[in-house]
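Subject: Structure for you to look at

Hello,

Here is the structure I said I would pass on. Please open it and keep it beside this email while you read.

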Amino acid sequence: MIRRTRPVAGAIALLAALTAGIAFPAGAAAGEPTGQDAPKVDLVLDVSGSMRAKDIDGQSRMAAAKQAFNEVLDATSEEVQLGIRTLGADYAGDDRKEGCKDTAQLYPVGPLDRTEAKTAVATLVPTGWTPIGPALLKAAGDLDGGDGSKRIVLISDGEDTCAPLDPCEVAREIAAKGIGLTIDTLGLVPTATLSRQLSCIAEATGGTYTSVEHQDELTDRVNELVDRAAEPVVTPVATEGADACEKAPELKSGLYTDREEFGQQRWYRVELLAGQELRASVSVAADRAVRPDHGLLMRAVTRHGREIVRGEATGTGRTDVLSTGLRYPKPERDDDSDKPATETVCLAVTTSFSADAGVKTTPGLPLELTVDVVDGPDGASDVASFGLGRGWWLLGALVLTGFLAGLVWGWLSRWRVAVWRTN
C-alpha cells in the first residue's frame, strides 16, 4: 500500500498537528514537555555603529531598541529567565579580528531584576562591528543546561561583518546539537541582503524572521516572542539513525530530531505488540539552497527485509519542507498461534536532495520524526488493511442504493411503455 502526501509549507504547524494526535503512555514520553525547568530567553542586540541611523519614527535605531527593551522588561512574566547579550557594543577600532570578538553578556540569563536590566540597557552606545556569528555561539552557551524551552531573539540592523564564520552555518550547527534551541530574528529597516541572512538563521532552527520599521512593531514582536517562550512546547528528542536496522536506535512514541546527509538513508526501530498499530511520519526541511527536484521516502520493513508499507513525497522547490507518513497495524494473535507477540518494525528514511557546488552539505538536513504506537483497529476492514477502512461500508451502501434505484427506474420505465401501448 502506497501513501503519498504533498509537501507542506508550514513545518511548525504540521509538526504541532502531528504531535497533538500522539497518544503518549503514562509518564513523560519522548518529546513530552516535563515543565521541570523555567523557560530561558536571551535577547541579542546589535549595538554596532549603524544603530545611530535616525530612521525609526524620527529617532535613532538604538533609541527605539532601548524603548522597546524597557517595555518588554516591564511585561516579561516572572516565570521566564531572561538575559541580554550585545554585539558590537565595546570595540570602536578598525582591527577586524578584535571587532569580531566584540560580544558580551550585558545581563545574565536568570531571574529578572527589572531595574538592574534597564540600567544596563541605558548605558549602551552604538560603537563597532557586527559579529552575529560569534554572538550566536556565545548566546547558545548562555542558555546551556536544563530541559525547559530555550529561545534566542536576535535584533540587528546590518549583515554580519565577520565572515567566513557564516551565521547561517552557526545556526545550523546549533540546531544539529539537538538542544531544542530556537532562534528568532528581527531586522531593523532591513536591506534585501540582511533579510535573506536573518531568514536563513531563523529557518535553520525553526524560528521566525520579522522585518521592523517602527518602534511599536519592535516592542510588540519581542514581547510576543518572550511570551511564546513561556508556553508549553514539545521539544524533540535528539536521536541518531543508523545505516542498518540491526544497529538502529529503538524509538518509543514521541517526537524525535535527527540530521540526514544528502542522499543518505537512516534506520530506526520500533517494537510493536500484537493488536497495536504503528503510525509514523517524517518531515525534512531544506534549510539551505537545494536543487528543485527532490524526494523523501519512508518505509516500514521487517527484520528480514520485506517491505510492509511505504510513504513517499516529491518536491519541486516551491516549499521548504517535505513530509510523508505511514500506518501499519499488527493483527491480534490467535490463541493457537505460534507467532511471536512482538514484532520489530524497521523504519527507513531516505532522501534524494542535492545541492549546487559551493553549498555545504554538513551538517545534514534537519529531520523530525513522529512515532505513535496505539491500540490497533477493531477489525480487518480498517483503513490500514484495505485502504478505505470503514469507508467500505459507505461504498457498499452506495452500490446497493444505485442497484435498487436502477431496478425501480427500469420497472417504472417498462410500466410507462406498457401504459402508452395500451392507450
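Below is what was found, taken in the order of one helix, one strand and then the disulfides.

Please keep in mind that this is a predicted model.

Helix α7

Helix α7 covers residues 192-204, which makes 13 residues. At 1.5 Å a residue it should span 18 Å, and the C-alpha atoms at its ends are 18 Å apart, so the expected span and the model agree.

Which residues of α7 are buried? They are Leu194, Ser195, Gln197, Leu198, Ser199, Cys200, Ile201, Ala202 and Ala204. As background, residues three or four places apart in an α-helix point the same way, because there are 3.6 residues a turn. The elements that cover the buried residues of α7 include the helices α5 (132-142) and α6 (167-176). Strands also take part in covering them, among them β5 (150-156), β6 (181-188), β7 (209-212) and β9 (254-260). Just after α7 comes Gly206, which has a positive phi of about 75°.

Strand β12

Strand β12 runs over residues 294-301, and eight of its eight residues are buried. Both of its faces are covered. On one side the buried residues are His294, Leu296, Met298 and Ala300. On the other side they are Gly295, Leu297, Arg299 and Val301.

β12 is joined to two strands that I can describe. With β13 (residues 307-315) it runs antiparallel, and eight bridges join the two. Within that pair, Val301 has Glu307 of β13 as its bridge partner. β12 and β13 form a hairpin with five residues between the strands, and Gly305 in this hairpin takes a positive phi near 95°. β12 also runs antiparallel to β15 (residues 342-351), here with six bridges. In this second pair, Leu296 stands opposite Thr351 of β15.

Disulfides

A disulfide is a covalent bond between the sulfur atoms of two cysteines. How many disulfides does the model have? The count comes to three.

One of them joins Cys100 to Cys162, with an S to S distance of 2.0 Å. Cys100 is in the loop between α3 (96-99) and β4 (103-110), and Cys162 is in the loop between β5 and α6, so this pair ties together parts that are 62 residues apart in sequence. The angle about its S-S bond is -105°, and the link is left-handed. A residue counts as buried under 20% relative accessible area. Cys100 is at 13% relative accessibility and therefore counts as buried. Cys162, at 5%, also counts as buried.

Another disulfide is formed by Cys168 and Cys200, whose sulfur atoms are 2.3 Å apart. Cys168 lies in helix α6 and Cys200 in helix α7, so the pair ties together parts that are 32 residues apart in sequence. Cys168 and Cys200 are both buried.

There is also a disulfide between Cys245 and Cys346, with the sulfur atoms 1.9 Å apart. Cys245 is in the loop between β8 (237-238) and β9, while Cys346 is in strand β15, so this pair ties together parts that are 101 residues apart in sequence. The torsion about the S-S bond is about -65°, so this disulfide is left-handed. Cys245 and Cys346 are both buried.

If you number the bonded cysteines of the chain in sequence order, the pairing reads 1-2, 3-4, 5-6.

Regards

Notes: Residues are numbered from 1 along each chain as its sequence is written. This is a predicted model: local features need pLDDT of at least 70, side-chain atom pairs count only at pLDDT 80 or more; totals for chains, interfaces and linings use all residues. Side-chain values use heavy atoms; hydrogens and water are left out. Helices (H or I, at least four residues) and strands (E, at least two) are DSSP runs, numbered from the N terminus. The expected span of a helix is 1.5 Å times one less than its number of residues. Buried means under 20% relative accessible area, exposed over 50%, partly exposed in between (1.4 Å probe, protein chains only). Contact means heavy atoms within 4.5 Å. Two strands pair if DSSP finds at least two bridges between them. A disulfide is a pair of cysteine sulfur atoms within 2.5 Å.
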